[in-house]
Amino acid sequence: MRREIDGGPDGARGAALPPRQNSTVAAGGLRRALQRIVRRVIGAPDYEAYLEHCRAAGHPVRLSEREYVREFFEAKGKAPRCC
């Protein structure tokens, strides 16, 4: 009877479920996505996106994180500040 409910190797009832992802991996990806969205909304620099761009474009990373942030704010016409 249990095979009929769950679906067994003889005759599956419905589509097979995909394997579950590790919840920590899924949560990490979600956290990074949310951080990227928040940075875009508030206009903060996203060094991780810069690194991904360099990898995708196939050229070496030429700026350190500090240099990237400095150039980001200079391009916007503002100096970094705390308040």
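A residue is called buried when its relative accessible area is under 20%, exposed when that value is over 50%, and partly exposed in between. In the predicted model described here, F72 has a relative accessibility of 22% and therefore counts as partly exposed. This residue belongs to helix α4, as does Y68, and the description that follows begins with that helix and its aromatic side chains.

Helix α4 spans residues 65-76 and comprises 12 residues. From its first C-alpha to its last, helix α4 reaches 17 Å, a length close to the 16 Å expected at 1.5 Å a residue. Just after α4, G77 adopts a positive phi of about 85 degrees.

A search of the whole structure for aromatic pairs returns 5 of them. In one of these, the ring centres of Y50 and Y68 are 5.0 Å apart and the ring planes stand at 25 degrees, so the pair is classed as stacked. This contact joins distant parts of the chain, since Y50 is located in helix α3 (residues 47-57) and Y68 in helix α4, with their positions 18 residues apart in the numbering. Y50 has a relative accessible area of 12% and is therefore buried, and Y68, with a value of 16%, is likewise buried. Y68 also forms an aromatic pair with F72, and this pair is tilted, with 6.4 Å from centre to centre and 35 degrees between the planes. Within helix α4, Y68 and F72 are 4 residues apart, which is about one turn of the helix. An α-helix has 3.6 residues a turn, so residues three or four places apart point the same way. Taken as a group, Y47, Y50, Y68, F72 and F73 make up one aromatic cluster.

Charged side chains provide another set of contacts, with 4 salt bridges in the structure. The side chain of D46 meets that of R36 in a salt bridge with an N to O distance of 3.0 Å. Distant parts of the chain are linked by this pair, because D46 lies in the loop between α2 and α3 whereas R36 lies in helix α2, 10 residues apart. D46 also takes part in a salt bridge with R39, for which the N to O distance is 3.3 Å. At a relative accessibility of 9%, D46 counts as buried, whereas its two arginine partners are partly exposed, R36 with a relative accessible area of 24% and R39 at 29%. A network of salt bridges links R36, R39 and D46 together with E52.

A further salt bridge is formed between the side chains of R62 and E71, with an N to O distance of 3.8 Å. R62 has a relative accessible area of 61% and is therefore exposed, while E71, with a value of 35%, is partly exposed.

The surface also carries a nonpolar patch of about 620 Å², to which L30, L34, I37, V38, V41 and I42 contribute. One of these residues, I37, is situated in helix α2, which runs over residues 23-42. Helix α2 also contains R36, the partly exposed arginine that forms a salt bridge with D46.

Note on methods:
Residues numbered from 1 in each chain as written. Predicted model: local features only at pLDDT ≥ 70, side-chain atom pairs only at ≥ 80, totals over all residues. Heavy atoms only, no water. Patch = residues over 30% accessible without salt bridge, like charges linked within 9 Å, V, L, I, M, F, W, Y side chains within 5 Å. Areas by Shrake-Rupley, 256 points an atom, 1.4 Å probe, with all protein chains shown as cover. Helix = DSSP H or I, 4+ residues; strand = E, 2+ residues; numbered from the N terminus. Expected span 1.5 Å × (residues − 1). Phe/Tyr/Trp six-rings, centres within 6.5 Å; stacked < 30°, edge-to-face > 60°. Buried < 20%, exposed > 50% of the residue type's maximum accessible area, 1.4 Å probe, protein only.
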